[in-house]
Amino acid sequence: VSTQSTWANETKQIEQQQPKQQQKHQQNLVVLEHLEPPSVQPQQIPCAPPPTPAPDVCVENLAQKPPQNVPNQKPHHHHIHHKQQQQHQPKNNPISPPVTKGPIKLEVGPNTVRSIGSMDQAESVIMMKYDNETKGWCETQARVIVSPFPFQEGNLRVAFHCLDVTISNSPQHFVAKMAKDPKEDVSIYYLDVQMQSLAKVYAEKFNARNPPKKVYFVEASIMKMINRPGQPIMAVEPYLHGKYVKHTNNNGWIEKADRNTPQAFSHFTYCYSKGQLMVVDIQGVDDYYTDPQLHSIDGKGWGLGNLGKLGMLRFFETHRCNAVCQHLQLPPHQPKSMDQGT
C-alpha cells in the first residue's frame, strides 16, 4: 500500500479527472477468480412452488426501527433499513406462534404496535432471487401482506412493513421498498440485489479465514406485485432486530466508534480481488450487514455509488489497519497503535 502522501497526491489527480456525476455502465468486470458481475436483465430459473398458505398469523415483540439520520455519500438512493436475517439469525428473533383470527400486528418499538392488515388482504407475488453461481434469477410464488402505509420515507424510496405468510406457521417479517418515482429505471432494483449477493460471497471468503467475528449479508430479493396495475416491483429484505449502525460509507467516512471488523472486511475485499474491487458502505445490526456499495478499479458497473479508484483511495485515506487486519495477514496500512477489539 502506498504511503499516505502518495495516496493524497493520487487522490487529487483522480479528483481532477473524475466527472461530477458517475454514469451507469453495464460492462462485465473481473472481480474475483471465479466471479463476475452479472447482467442486470433477469433470467428465469424455475423453482419448486411454495407450500399452500394457511390461516392468520401474528408477529409480536419486534425491535424498534433504527435511527434515520446517518451520513451517506451514495448518490443512487437513500438508505431505509429495518430487516431481519433468515440464515445465521441474531439470537433475538421473537416470532410468535400463529393464530387463527384477528388482525396481524407488529410491535415495532416500546409500547408501539402496528396492524398491517389481515389474511384476507394477502396477495400473490413473485419473488426473484439472484444466484451468483448460475448468474441467473430464481422465481418463486409467495403470499404476502404489505402495509398500506409506509413507516419510513427516504429521498428516493418509501418503506413498508411486509409479512410473508406463504408458510403460516413460519411467518417472515420483511421491509419492502418502492421508488417514489414510478419512472425509475427498474435495473437499479436488480443491480442492488446483485451487489448484495456478491458482497455475501466475499463475506463467505472472509469467514473462511476464521476472523474473530464473522460477517453476514442478508439476502435481498425483488418482489413483483402481479395483481396490481402495471405489476410494480419492490425491493425486499429481511427485518433486522437490534440497534442499526452505519459503520462506513462509500467516500471514506468512518463511524465514531471505528470498529475493527467492518474496516478489515473492506480491506480484505480489496486484497482478495487483487485490487479490482472493494465492498464499502458497511452497515447493519451487529455483523449482519445490508445494502453495501461496490467500487471497481475502473469505475464501471455497480451504479452511481461506484466511485472507482477514487473511492478506494478515499477508503485508504481514513483506514488504519487493526488487529483483525493483522489476523488476516493483510498488507499493513497506517496500523493502529495498541489495537484491540473487533
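User: Among contacts between residues at least 6 apart in sequence, what percentage join residues at least 24 apart?

Analyst: In this predicted model, the figure is 67%. The protein has 342 residues, and 51% of them are buried. Its secondary structure comes to 5 helices and 16 strands.

User: Thanks! Why does E153 count as exposed?

Analyst: The cut-off for exposed is over 50% relative accessible area. E153 has 52% relative accessibility, so E153 counts as exposed. You will find E153 in strand β6, residues 152-153.

User: What makes the pairing of E153 and K180 a polar contact?

Analyst: A polar contact needs a pair of N or O atoms within 3.5 Å. The side chains of E153 and K180 are joined at 2.7 Å, and that value meets the cut-off. Another residue to look at is K177, which is 24 residues from E153 in sequence, with 9.3 Å between their C-alpha atoms.

User: Now the helices: why is α3 called oblique to α4?

Analyst: Helix α3 (residues 260-272) and helix α4 (residues 308-318) pack at an angle of about 135°, with axes 11 Å apart. Roughly antiparallel would need an angle over 145, and roughly perpendicular runs from 65 to 115. The angle of about 135° falls in neither range, so α3 is oblique to α4. The crossing of α3 past α4 is left-handed.

User: Which residues make that contact?

Analyst: From α3 come Q263, S266, H267 and Y270, and from α4 come M312, F315 and F316. By type, the contact of α3 with α4 has 4 nonpolar residues, 3 polar and no charged.

Note on methods. Residues are numbered from 1 along each chain as its sequence is written. This is a predicted model: local features need pLDDT of at least 70, side-chain atom pairs count only at pLDDT 80 or more; totals for chains, interfaces and linings use all residues. Side-chain values use heavy atoms; hydrogens and water are left out. Axes are lines fitted to C-alpha atoms, for helices over the stretch in contact, and angles run from 0 to 180 degrees between N-to-C directions. Helices (H or I, at least four residues) and strands (E, at least two) are DSSP runs, numbered from the N terminus. Angles under 35 degrees count as roughly parallel, over 145 as roughly antiparallel, 65 to 115 as roughly perpendicular and the rest as oblique. A crossing is left-handed if the near helix is turned anticlockwise from the far one by less than a right angle, and right-handed if clockwise. Contact means heavy atoms within 4.5 Å. Ala, Val, Leu, Ile, Met, Phe, Trp, Tyr, Cys and Pro count as nonpolar, Asp, Glu, Lys and Arg as charged, and the others, Gly among them, as polar. Buried means under 20% relative accessible area, exposed over 50%, partly exposed in between (1.4 Å probe, protein chains only). A polar contact is a pair of N or O atoms within 3.5 Å; within protein, one must be able to donate a hydrogen and the other to accept it, and residues adjacent in sequence count only if both atoms are side-chain atoms.
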